[in-house]
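Here is a set of exercises to work through at your own pace. Try each task first, then read the solution step by step.

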Amino acid sequence: IKAMLREFPGIGVRTRGCNGLSYTLEYTKTKGDSDEEVIQDGVRVFIEKKAQLTLLGTEMDYVEDKLSSEFVFNNPNIKGTCGCGESFNI
């Protein structure tokens, strides 16, 4: 992932979808005033302040297979998801 990123991912959560919340991922060159900076295995990620409690304990990975390449979130706080997997609730 580190080699792919020239900008840093900014991760957040928005009210959206049929189950309430969904992740947002926007690339940025600078950290926002209230963002939390996390560095893991040499990769820097900024987390929006209002998403920090929702994302507490979440693991983020980059997965590639024959049909897609995407960031995957493993969030232990999720209580339910919608049928398509695009939104969740806590």
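**Exercise 1.** Which residues does Val-45 touch, not counting residues up to four places away in sequence?

*Solution.* A word before we begin: this is a predicted model.
- Step 1: Find Val-45 in strand β4.
- Step 2: List the residues it touches outside its own stretch of sequence: Pro-9, Ile-11, Glu-36, Glu-37 and Val-38.
- Step 3: Check the accessibility of Val-45. Its relative accessible area is 13%, and buried means under 20%, so Val-45 is buried.
- Step 4: Add a distance. Val-45 and Thr-28 are 17 residues apart in sequence, and their C-alpha atoms lie 9.6 Å apart in space.

**Exercise 2.** How many salt bridges does the structure hold? Find the partners and describe where they sit.

*Solution.*
- Step 1: Recall the idea behind the search. Side chains of opposite charge can pair when their charged atoms come close.
- Step 2: Count the pairs. The structure holds 2 salt bridges.
- Step 3: Take the pair formed by the side chains of Arg-14 and Glu-48, with 2.8 Å from N to O. This pair links distant parts of the chain, with Arg-14 in strand β1 (residues 8–15) and Glu-48 in the loop between β4 (43–47) and β5, 34 residues apart.
- Step 4: Sort these two partners by accessibility. Arg-14 has a relative accessible area of 27% and is partly exposed, whereas Glu-48, at 18%, counts as buried.
- Step 5: Turn to the pair formed by the side chains of Glu-37 and Arg-44, with 3.1 Å from N to O. Glu-37 is partly exposed at 32% relative accessibility, and Arg-44 is partly exposed at 32% as well.
- Step 6: Look back at Exercise 1. Glu-37 is one of the residues that Val-45 touches.

**Exercise 3.** Is Ala-51 buried or exposed? Say which residues it touches, leaving out those up to four places away in sequence.

*Solution.*
- Step 1: Locate Ala-51 in the loop between β4 and β5.
- Step 2: Read its relative accessibility, which is 0%, so Ala-51 counts as buried.
- Step 3: Name its contacts beyond four places in sequence: Ile-11, Gly-12 and Val-13. Ile-11 is also among the residues that Val-45 touches.
- Step 4: Compare positions along the chain and in space. Ala-51 and Asp-33 are 18 residues apart along the chain, and 14 Å separates their C-alpha atoms.

**Exercise 4.** Where does Ser-22 lie, and which residues does it touch when those up to four places away in sequence are not counted?

*Solution.*
- Step 1: Place Ser-22 in strand β2 (residues 21–28).
- Step 2: Note that Ser-22 is buried, with a relative accessible area of 5%.
- Step 3: Go through its contacts. They include Gly-12, Val-13, Arg-14 and Arg-16, and also Glu-86, Ser-87 and Phe-88.
- Step 4: Set Thr-15 beside it. Thr-15 lies in strand β1 and counts as exposed at 72% relative accessibility. Leaving aside neighbours within four places in sequence, Thr-15 is in contact with Gly-20 and Leu-21.
- Step 5: Finish with a distance. Thr-15 and Thr-81 are 66 residues apart in sequence and 13 Å apart in space, C-alpha to C-alpha.

**Exercise 5.** Which residues form a negative surface patch?

*Solution.*
- Step 1: Name the members: Glu-64, Asp-65, Glu-70 and Glu-86.
- Step 2: Follow one of them. Glu-64 lies in strand β5 (residues 59–64).
- Step 3: Apply the cut-off for exposed, which is over 50% relative accessible area. Glu-64 has 62% relative accessibility, so it counts as exposed.
- Step 4: Link this to Exercise 4. Glu-86 is among the residues that Ser-22 touches.

**Exercise 6.** What is the sign of phi at Asp-41?

*Solution.*
- Step 1: Start from the usual case. Most residues other than glycine have a negative phi.
- Step 2: Look at Asp-41. Although it is not a glycine, Asp-41 has a positive phi of about 55°.
- Step 3: Find its place, the loop between β3 (36–40) and β4.
- Step 4: Check accessibility. Asp-41 is exposed, with a relative accessible area of 68%.

Notes. Residues numbered from 1 in each chain as written. Predicted model: local features only at pLDDT ≥ 70, side-chain atom pairs only at ≥ 80, totals over all residues. Heavy atoms only, no water. Patch = residues over 30% accessible without salt bridge, like charges linked within 9 Å, V, L, I, M, F, W, Y side chains within 5 Å. Areas by Shrake-Rupley, 256 points an atom, 1.4 Å probe, with all protein chains shown as cover. Salt bridge = Lys/Arg side-chain N within 4 Å of Asp/Glu carboxyl O. Lys, Arg positive; Asp, Glu negative; His and termini not counted. Charge placed at Lys NZ, Arg CZ, Asp CG, Glu CD. Helix = DSSP H or I, 4+ residues; strand = E, 2+ residues; numbered from the N terminus. Buried < 20%, exposed > 50% of the residue type's maximum accessible area, 1.4 Å probe, protein only. Contact = heavy atoms within 4.5 Å.
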